[in-house]
Amino acid sequence: MTTRRDFLKGTCATAAATAVAGPSLLFANPAFAAANGHDTVVHLFLRGGLDGLNLVVPIDGADRTFYEQARPNLAIAATGAYGALPLTLASGGGTGFGLHPSASGLRDLWVSGRMAIVHACGLLTSVTRSHFDAQLYIDLGTPGAQGIGSGWMARAMNTQPGLDGSERVPALGVAARQPAGLLSSVQALTMASPSDFALNAGAWSWQMARAGAPTGFRGVNETLSDLWGRTSPLELGGQRADRALQVIATQSYSALPAGWPTGTFAQQLWTIAQSIQFDLGLRYATLDLGGWDTHDGQGTAGSGYHYYQNKIAELSQALSAFHAALEASGHAGRVTVVVQSEFGRRVRANANGGTDHGYGNPVLVLGGAVNGRRFYGSWSGLDPEILSPHFGDVPVTTDHRQVLSELLVKRMGNSNLATVFPGYSGYAPMGIVRDVGALAPAPKPAPGARRFGAAPVTAPATAQEPDLMQRLMRYVQELVD
């Protein structure tokens with residue numbers, strides 16, 4: 001039997017952990033809706049420093065020669081069974097580049113015009129080889145500064161036009177903890193997986209009403225809304241947590257469908273795809289794929305085990321399945337995925353069969369609204385004389401914020417760039433995506449949709465969040481003791 005102590009620990013801890021849930025979450029029809037009347041931006045962070053030169057491979061000309069000289073045992077072949085997959089223009093002309101041979105799914109997206117590549121992209125105004133600094137600069141959207149206290153995606157969400165408060169999950173971080181890009185948002189929902197997003201403290205039989213339960217029985221999970229009935233910061237946080245739990249529980253999230261690759265990353269993308277299809281009002285989503293810090297044993301491509309080859313296959317296959325699912329449900333035209341890492345790797349291989357921290361890197365942009373099968377940005381080449389002033393690295397010629405800003409302005413209708421990226425003034429559209437034009441009105445709640453409480457919950461001010469969490473935990477301890 002669940003004790004008062006266990007009950008309070010379970011319910012209050014869940015409120016603390018999920019207090020980032022949105023202020024007006026609703027039930028939604030679990031059936032897939034028609035294409036949403038709004039766009040969604042998905043940010044995929046490849047943490048660890050992707051070796052972009054072995055993903056987007058020089059395959060001819062002088063750069064091929066420089067590439068082979070710098071990587072005699074690590075270069076991807078230009079041709080052959082394990083050679084790079086050529087990236088051609090719509091006219092059939094060559095680009096001088098190919099994709100890693102394990103990236104056939106990405107190559108197909110390129111050929112279909114659904115993928116573009118921005119060359120030599122990254123932190124233009126702040127050079128660092130620290131994973132922690134570079135990742136935080138990108139997540140916060142403030143290169144060179146880490147004290148802003150909010151993430152770029154949270155600020156984009158907070159300034160997003162067209163929202164009317166009925167969105168159940170306007171922003172989603174598929175992770176075990178709140179992503180730094182969503183830092184300070186009380187509208188974002190963070191969950192590692194829908195199946196685990198549930199309260200399971202205490203005895204199993206007391207958690208909720210199940211088949212065979214006595215008539216009128218209400219489980220612990222079903223009484224949470226009664227516990228958080230007032231308007232103190234503690235109750236408000238509990239209300240948000242309860243609504244988040246109920247919204248996710250009432251959606252028909254499923255296991256990976258046939259034809260999808262297996263693994264956690266594919267499952268996370270499938271969670272985002274379903275959240276889009278359920279018409280939860282999702283505008284922004286973010287997730288990570290780690291494991292790119294290949295200082296040794298990186299591997300190339302071929303038979304047998306190659307670490308990097310397997311990582312590229314994981315990335316390519318899952319993104320291909322994600323896009324195909326959105327195409328099939330009619331949503332691909334309004335979903336744009338941007339794929340980036342904190343920095344690239346050194347041009348020259350090291351002595352351990354790997355590559356060390358570098359600088360410039362390709363950024364991939366995928367989706368139905370992408371002006372694809374094209375390269376964007378400026379490529380300086382791999383001539384050692386060009387690389388020398390940049391310590392042998394590929395220089396950054398395009399600020400990554402320029403890419404994100406174009407998605408915000410042209411697809412999301414959000415021109416509040418000074419707020420989203422404070423201190424940035426270099427925006428000029430490159431033409432990576434088509435302009436969505438006037439945004440369609442935000443979708444209204446479906447008939448029969450139920451709002452929790454008589455009025456939307458007003459979120460506490462961001463500056464009060466740390467103090468709120470401390471007070472919440474003190475209050476929980478007092479109740480338990």
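Here, contact means heavy atoms within 4.5 Å. With that in mind, let's walk through this predicted model, starting with the sheet and then moving to the helix that lies across two of its strands.

The sheet is open and built from three strands, in the order E2-E4-E3, with antiparallel pairing. Strand E2 (56-58) and strand E3 (85-88) are the edge strands: each has a single partner strand, so one side of each has no neighbour in the sheet. From one strand to the next, the twist averages 45°.

Let's look at one of those pairings in detail. E3 joins strand E4 (residues 94-99) in the antiparallel sense, over three bridges. Within this part of the structure, you can find Pro86 standing opposite Gly98 in E4.

Now for the helix. H3 lies across E3 and E4, and its direction is at about 15° to E3. H3 covers residues 104-111, and it also packs with helix H9 (residues 307-328): the angle here is about 45°, and the axes are 7 Å apart. Angles that are neither under 35 degrees, nor over 145, nor from 65 to 115 count as oblique, which is why H3 is described as oblique to H9.

Which residues in H3 and H9 meet? On the H3 side they are Ser104, Gly105, Leu106 and Leu109, and on the H9 side Ser316, Leu319, Ser320 and His323. By character, the residues of this contact of H3 with H9 comprise three nonpolar, five polar and no charged.

Key:
Residues are numbered from 1 along each chain as its sequence is written. This is a predicted model: local features need pLDDT of at least 70, side-chain atom pairs count only at pLDDT 80 or more; totals for chains, interfaces and linings use all residues. Side-chain values use heavy atoms; hydrogens and water are left out. Axes are lines fitted to C-alpha atoms, for helices over the stretch in contact, and angles run from 0 to 180 degrees between N-to-C directions. Helices (H or I, at least four residues) and strands (E, at least two) are DSSP runs, numbered from the N terminus. Ala, Val, Leu, Ile, Met, Phe, Trp, Tyr, Cys and Pro count as nonpolar, Asp, Glu, Lys and Arg as charged, and the others, Gly among them, as polar. Two strands pair if DSSP finds at least two bridges between them.
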